[in-house]
Each structure stands twice: as C-alpha cells, then as structure tokens.
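The following exercises concern strand pairing and pockets. Please study the structure shown below and attempt each task before reading its solution.

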Amino acid sequence: MIEILSPSQVARARETGALVADVLYSLRDRATVGTNLLQIDAWAKEMILGAGATSCYVDYAPSFGRGPFGHYICTSVNDGVLHGLPHDYDLRDGDLLSLDLAVVLGGVAADSAISFVVGDSRPAESVRLIETTQRALATAIETAGPGVKLGDVSAAIGEVLRGAGYSVNTEFGGHGIGTTMHQDPHVPNDGRAGRGMKMRPGQLLALEPWVMADTDELVTDDDGWTLRSATGCRTAHSEHTVAITEDGVEVLTLPSRR
C-alpha cells in the first residue's frame, strides 16, 4: 500500500519524527563503555511510553524474523547491521553501535537510525563506514522530490556506496511509511536512474543506506532477528524519514532540541 498523507497527517509526522530523533540522540549520549544493550532498550521504552507513543517493534512479527520482536529498539553492534535484538551485552570501547527506532504518535509513524562509535576509540574503518552511509543518505535526500523517480534515489545511494569501494545488498533498504511503519514502495540502496514510480507530495519515505565493510552477504543470528555481515566485518546504518512536498523534501526525523 502506498499512502498519500494529508497536510494534517504530515504535521503529526513532524512530531513523531522529532520524538524518534530525540530518543535516538538521548540514547547516543547515554551509551558509554559498560552500558548494557538491555538498558538501552529499557531507556527507549521509558521515553516512548512517556511521550504517549507506541513502539512499532514490540509486536512486530514479519516473515523474515522469529517474531514477535519483543523490544523497543534495534541495537546492532559491530558486525550486526539490521534488526539487532537487544540482549545481555555490555558495550566496549570502540564498538560500532547502530540504533534503529520506529514509533507511532498521533496515528503516524516515523523511522530513523544512527550509527556511532562507543567510547574514546575511533577505528578508522568504522568512522569511514559511518561517514559513507551519512553521505549516501544526504545524497538521497538531495535527489528526492516531487516527480522524481525512485530509481533516481536508489542510483544516487548506490553511487556513493560503491564509489567508496563497498558492495551493496539490495535485499533490505528504504520503504514507504505513513500510518504504519513498513509500506510500499521498497527503496533499494542501488538501482537504475529513470526507473520506478514518481514521488508525490504527501508521500513519506524512510531512506536508509547501510553497508558492510567487505561483503554484501548477510547471515541471520541464532536469535532469529539480528542480521550480520557474513564475514564478521563491521557495518553501519543511517536512516531518515522524509516527506515529499510540493517544493522538494522535508526531513522529519530531526531532533527538536539540537
């Protein structure tokens, strides 16, 4: 299903997006060496419920997971890149942590992800992975707009990722979003320009470049959820929810206080 939201729904999406961003950046600031992933999940739960929002993850049970997910946030560490199931793990200096969060507030969903290095260490490859996904996301946002074809956005993302020397997995990628978290269309992180549907004002998209250092092959963890790089290499993930407007694109998942 592809939804076109009304102006009032887009206004509510701004509130949802700001909440998602505020939670993510609060968690980033609180996640230090020794922080347990289950504690991060508990903090996320407290902030989501305290804001009167609903988690998109707790009851989420798609065909690719061993559901329901049962937690409030995805916490993917080092070789984990997507759908990281929170578990009893204490973060270490130099860990690359990706946090992915989606909630519904006022009947509209928003979805965002950030990656960062924990502690004082700054492994060069980890920093490069993160910066590459951030550049790819910025390029996708610059490319998107009313009348632009989805293939143009996918091609723009892929050009950045491949240009940095990474191979691209297109099994999981961006997606439509609106009154529910995952909707059509699928927005792969590589593609051919000029292909696909044209974007329309009122359409919301979650754009999410992710990459693995030396492979494009995923394996599923024994927990039935966490997707890891097949080689054990490090990974990174960046995501924003955007609204297509009459004039261009509005990024909805920006923090309200930064």
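**Exercise 1: Pairing of strands**

Task: In which sense do E6 and E8 pair, and over how many bridges?

Solution. E6 pairs with strand E8 (residues 204–207) in the antiparallel sense, over 3 bridges. Strands (E, at least two residues) and helices (H or I, at least four) are DSSP runs numbered from the N terminus, and two strands pair if DSSP finds at least two bridges between them. The model is predicted: local features need pLDDT of at least 70, side-chain atom pairs count only at pLDDT 80 or more, and totals for chains, interfaces and linings use all residues. Residues are numbered from 1 along each chain as its sequence is written, and side-chain values use heavy atoms, with hydrogens and water left out.

**Exercise 2: Following His175 through the sheet**

Task: Identify the bridge partner of His175 in E7 and its bridge partner in E8.

Solution. Step one: E6 and E7 run antiparallel and are joined by 3 bridges; a hairpin of 5 residues connects them. In E7, His175 has His186 as its bridge partner. Step two: in E8, the partner of His175 is Ala206. Step three: Ala206 is in turn the bridge partner of Thr241 in E13, and E8 pairs with strand E13 (residues 240–244) in the antiparallel sense over 4 bridges.

Task: What is the order of the strands in the open sheet?

Solution. The 5 strands follow the order E7-E6-E8-E13-E14, with antiparallel pairing. E7 and strand E14 (249–251) are the edge strands, each pairing on one side only.

**Exercise 3: The largest pocket**

Task: Which residues lie nearest the centre of the largest pocket?

Solution. Step one: a pocket is defined on a 1 Å grid over the protein atoms alone, as an open set of points where a 1.4 Å probe fits, with protein on both sides within 12 Å along at least five of seven lines; lining residues have an atom within 4 Å of a point. Step two: of the 21 lining residues, Phe64, His83, His175, His182 and Glu208 lie nearest the centre. Step three: strand E6 (174–177) and strand E7 (183–187) each supply at least two residues of this lining.

Task: How much space lies in the largest pocket?

Solution. The largest pocket holds about 290 Å³ of space. Grid points are joined across faces, edges and corners, and the volume is the space filled by probe spheres set on the points.
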